Each structure stands twice: as C-alpha cells, then as structure tokens.
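Subject: Structure handover

Hello,

Here is the structure I promised to pass on. My notes on it follow below.

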Amino acid sequence: MTKRGTDMKGQKRLVMRRLMRIYSYIMIVVIVLFSIIVCVTSMSQKYKEINNDVERVAYRTKQFFSDSDQIISRTARELVNPPEQIDSLMKYFQLDNAGYLAYSLKKFNQTNRDTQFYLPNFSTQILLNYQDVYGIGISLDNETEAFYATQEKKDGTKRKKLATTTGKIQLAKRLIDSDTSSSVGVMTMDFNPEYLLNDIETILGDHRDVEIIAFKENDNTLLQYANGKITTEKRVSDPFGTYTNDNYLSHSYSSTYGVTTIAYVPRTAVVTYAFRSIWLVLLINLALIIILIVTLRMTFDDYVETLGHINAELNKIAKDDMSGRLDVPNKRVGELIEITDNVNMMLDRIEKNIKDIYQLEIEQKNAHMKALQAQINPHFLYNTLEYIRMYAVNIDADELADVVYAFASLLRNNISSEKTTTLEQELAFCEKYVYLYQMRYPDRIAYSFTIEESLTRLELPKFSLQPLVENYFVHGIDYKRKDNAIRLSAYRTDGAAYILVEDNGKGVAEEERQRLTRMLEQNDINGQSIGLTNVNERLKAFFGDAYSMALSASKLGGLLITIRIILPDSPGTHNQL
C-alpha cells in the first residue's frame, strides 16, 4: 500500500473515532437530562401521592369518629327519652331479671303505648342495627353495678363496673335527664376497628410508615395506628406538637365533639419512598449509557474494518478481475451490505442476461407440458355428469338429478369461451348457483329471481352478477338461521335498467359501506372486496358512464346492491334489447 493510501486510511479511522466520541457525548447528555427529568417528576409525583394518602387516612379516621359520635349520641338520647325510661333503667339494676321483666310487663299494661322500654330488647336492637358496634355499657350514678351487652350476648348482663374491651375503640357519652338537665349516668360504646383498619390499609397500600393518632382534649388517646395495627395506648404527651412540625408530613382534623385526628409520616420516610421509585430508572439509564458506548465503539470499528475490505476488493475488480465479488465479513453493517449487494448485482448482470434466455426456453417447455398434462376433455366430463344424472332419474332420485344438472350447467358456463351473455342467462346461472346452496342447506335458504321481459336480452359481461350473489354466501349469510333469503330483480324505469341484489343477512355497517363506496369510486382494491371491485370495473368498462353501482341498507335487514344502466333510445353497441 502506498503512503498516500496509508495516510487516508489513518485519517478515515481518526474521523470515525471522532464521530464516535461526539455521538457518545450527545447521547450521554440526552440520557442524563432525561433521567433528571424523570427522577424529578417521579419524586414529585411520589410526594404528592404520599401527601394525598396521609390526608385521606386522616379524613377517613376523622369520619370514623364523627360517625361513631353520631351513633352514641343518638343512642344516648333514645335511652333516656322520654324521661320515664330512666325509672326503667334504675329498676333493671334494682331488680333481678325475672322481677325486671314483670315490672316491664306491668308498665306496658298500664300505658297506652304500642311498645314498652325493656333494656335487653333496646341493647339487642342497637347491636343489630350497628354491626360495627361491639359492645354497649351503661352505668347510673346511684348504682353500684353496670350493664354491658356485646355482639355475642346482645341482651346484656350486669357487671361490677364498666371497663375498656381490649382491641376496641371506646367512646363515652353522659346520660342527661331532659326534665332536670342533670346527669344520671354514662353510656359507653365499644367500636370494632376492623372496618377502619381495612380502609386505612387499602388507602395506604405499601406506605407502611404512615401513622395515625386520635385523642380527646383531655389528652385521652382514643386510637393509635402504627405498623398495620390499631391500639389505644398513649405514646406521647403532646401529640399535636410532636407530629405537626417540620420533621413530619402530616394532616390533622379537629371536630366539634372534641376529637383531634392526626395522620403523619416522617419526612425521611417520604424521601426513602421517593428514592425507591427512581432507583430502577437510574440503574436503567446507567446500563443504557454503558450499552450505548460499547455499541457505538463496536459499530464504528465494524465500519472501519468493512470499508477497508470493500476497498481492497474494488481494487481487484478495477484490474479486470471480473470473477471476484464483494463480500462483507461483518454482517452488522447493514448499509454497507446493501452497497456491496448492488455492486455484485451489476457484475452479475451480463452473465444473468445470457442464462435468462436459456432458462426461459426450458421453463416455457415445462409449462407447455404441464398444461397438456392438466388438460381435461370437457365432453368426457359432461358425458360422465349426464350418465350420473340419468342414473339418478332411473332410480327416482329426482333431487339428485336436479343437483347434477345444475352443477353441469354451471361447469359448462364456466368453461365456455363467450365473453358476454344476456341478463336472462346470467340470472339463470345465478339461480342454479343459489339452488346448489339450497340443496346443501335445506330449509334454511329462500331465493327469488325476477326480470322484466324487456330486459331479458340486455347484453352484459359474463359473470357480472354471480360474484355479488357469492358475496352473500361468503360474508352475509347466517347458517344458524332458517329464514335466510336473497332476492335478485331487474326492471326498467325512466330510461334506465335497474338490477337489485338484496338479502336479509348480516349487513354492512354504515362506516364500512362508506369505505366500500369510496373504494368503488376510486378503483382502489387494496386486497379487500376483490369480487365487488372486479364486478364494478368490468361493468364500468363495458357500459362506460351509463353504469353506476350503489350500496345501501336493505329493508330486509341485510345489504342492497343497486346497479343502474342508462339505456339508449335505440339499440347500441353493448345493449341489444
């Protein structure tokens, strides 16, 4: 190799490597910027998501206590109103069960009310109405015992004193005598926290670091949610000051009934959640950068190597060595493969032109022999079908004879060399075609073919209507139905002949009909509706501007194809009436 060639090769490699570095830097900057945008967006979205979850669980907990307060307030009012029921409450604690029942029955007989207050019945009804209430407790100021009813024992029992049930959330309400406005006792309700716990876990999902606390103004902790569990233990003395500072992302709600709800999560946990959502993005981007650098290096090295090989082969061809061909040893450089293929095609052209003539003669001879071998004597086939038909007639199989006759007629019409036919003959051909389908699916297909007498000799291209009928049996018919019908009619009005092909099949949607109409107008086949397009093209070529075809919905429920042919005042070239 000359010094000049060596210098050019060195410059080429230098340019390729410089391009590789430029492309690498550009792609790395793009990937890094994209990573930053994705990470910032993802972290912001994660922060909003956690903030929204904290706000939702705080509101849900506040709503739980609001609903619970309404239940216990309503129940406390119903318990002491009317005030006469307070006497019944006192009697429950002063008498045994039998004595209290007798007292209640006596009061019922002395009053005109439909119902009489009876504490076991009252507690049973409350526990049936509110399934999330686990227990009801009643303690009167002047009594040493207390009443307590649970979902397991709804009529309740007496106990020494009221106590908090483990694992339940207890609310208390004073019992006020409406006549004296004085307190007569206290009522407690133990609420089952499972419904609230399920809602909280559904909202939070995998955000397990979110905690909730609900407390009253007297620093009485009503609920503490942490690590998927609900407790009533007191953890801090000042929840509001502890969890509503800058160290926590929190939301709080205060109520008129004295319950404050705070949902909070440490901001360090929020940052951890955010980084969990972007570490995969960072890892993928790092892998992309590494793959990009390695791929670019391999690609540019392949180009340098391949260009050197092509240059060496072209030097041989330039020295009149036409037997050689370009070959790319590295198949990863697709563009250079295409260039070498085109050069090789140019080198092969002379040899190919010589061989093509000889090969064409051989193929023509083979095609001629195949045509002779595949040729069948039509008369032999007709005679065979006629023999079958006559045999069917002799054994009184008239239906079979009709089927064979129809098939033979179709076959004869297909093989005949005529290019045109009359409308009467075309309809007869279509009728035999439909008849064969009717024999194949008995009692499922009905058909009607009518033609006006003046149109029987109308000349048109052969097989102009059969594809339209066949289209119904391929796309429109429903073989599960027993009322399939197709009608083909031809009549003359206002100087034009109308040929209608109508069925009650599946039909064509309006959008599809519009597409087919545009296809017919633009002569666009596109591999779809070839039969319909073929009929349209042949009739348009035969009749010219006097012909048109329209698609519409049939009153029978299927598709209506209308062919219109303007007839001349006197017989023309194509129309012989």
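Leaving aside neighbours within four places in sequence, Leu249 is in contact with Tyr47, Ile50, Asn51, Val54, Ala263, Tyr264, Val265, Arg267 and Val270. Leu249 belongs to strand β9, residues 248–254. Its relative accessibility is 4%, and with a cut-off of under 20% for buried residues, Leu249 counts as buried. One of its partners is Val270, which is 21 residues away along the chain; the two C-alpha atoms are 8.2 Å apart. Please keep in mind that this is a predicted model.

Overall

The chain has 577 residues, of which 37% are buried. It contains 14 helices and 17 strands. Taking the contacts between residues at least 6 apart in sequence, 61% join residues at least 24 apart.

The loop between α1 and α2

Helix α1 covers residues 3–80, and Pro82 sits in the loop that separates α1 from α2. Asn81 lies in the loop between α1 and α2 as well. The peptide bond joining Asn81 and Pro82 is cis, with omega at about 5°. Is Asn81 buried, exposed or partly exposed? At 34% relative accessibility, Asn81 counts as partly exposed.

The side chain of Asn81 has two polar contacts to report. A polar atom of this side chain lies 3.0 Å from the backbone oxygen of Arg77. The side chains of Asn81 and Ser178 are joined by a polar contact of 3.3 Å. In the same part of the model, the C-alpha atoms of Asn81 and Leu175 are separated by 10.0 Å, with their positions 94 residues apart along the chain.

Helix α2

After this loop comes helix α2, residues 84–94, with Gln85, Ile86, Ser88, Leu89, Tyr92 and Phe93 as its buried residues. Viewed down the axis of α2, these residues fall within an arc of 160°, so they line one face of the helix. An α-helix has 3.6 residues a turn, so residues three or four places apart point the same way.

Two residues with positive phi

Asp443 has phi near 65°, a positive value in a residue other than glycine. Asp443 is placed in the loop between α11 (423–440) and β12 (445–451). Its relative accessibility is 70%, and Asp443 counts as exposed.

Phe463 also has a positive phi, near 60°, and is likewise a residue other than glycine. Phe463 is found in the loop between β13 and α12. At 22% relative accessibility, Phe463 counts as partly exposed.

Ser464

Ser464 is in the loop between β13 (459–461) and α12 (466–476). Ser464 is buried, with a relative accessible area of 1%. What does the side chain of Ser464 reach? The side chain reaches the backbone oxygen of Pro461, at 2.4 Å. Not counting neighbours within four places in sequence, Ser464 is in contact with Glu426, Val535, Arg538 and Leu539.

Helices α13 and α14

Helix α13 runs over residues 510–522 and helix α14 over residues 530–543; their axes come within 10 Å and cross at roughly 40°. The crossing of α13 and α14 is right-handed. On the α13 side the contact is made by Leu516, Met519 and Leu520, and on the α14 side by Leu532, Thr533, Asn536 and Lys540. By class, the contact of α13 with α14 has four nonpolar, two polar and one charged residues.

Ser554

Ser554 lies in the loop between β16 (547–553) and β17 (559–566). At a relative accessible area of 8%, Ser554 is buried. Apart from residues up to four places away in sequence, Ser554 touches Glu502, Asp503, Leu559 and Leu560.

That is what I have on this model.

Regards

How values were computed: Residues numbered from 1 in each chain as written. Predicted model: local features only at pLDDT ≥ 70, side-chain atom pairs only at ≥ 80, totals over all residues. Heavy atoms only, no water. Axes fitted to C-alpha atoms, helices over the stretch in contact; angles between N-to-C directions. Helix = DSSP H or I, 4+ residues; strand = E, 2+ residues; numbered from the N terminus. Left-handed = near helix turned anticlockwise from the far one by under 90°. Contact = heavy atoms within 4.5 Å. Nonpolar A, V, L, I, M, F, W, Y, C, P; charged D, E, K, R; others polar. Buried < 20%, exposed > 50% of the residue type's maximum accessible area, 1.4 Å probe, protein only. Arc of directions from axis to C-beta. Polar contact = N/O pair within 3.5 Å; in protein donor to acceptor, adjacent residues only side chain to side chain.
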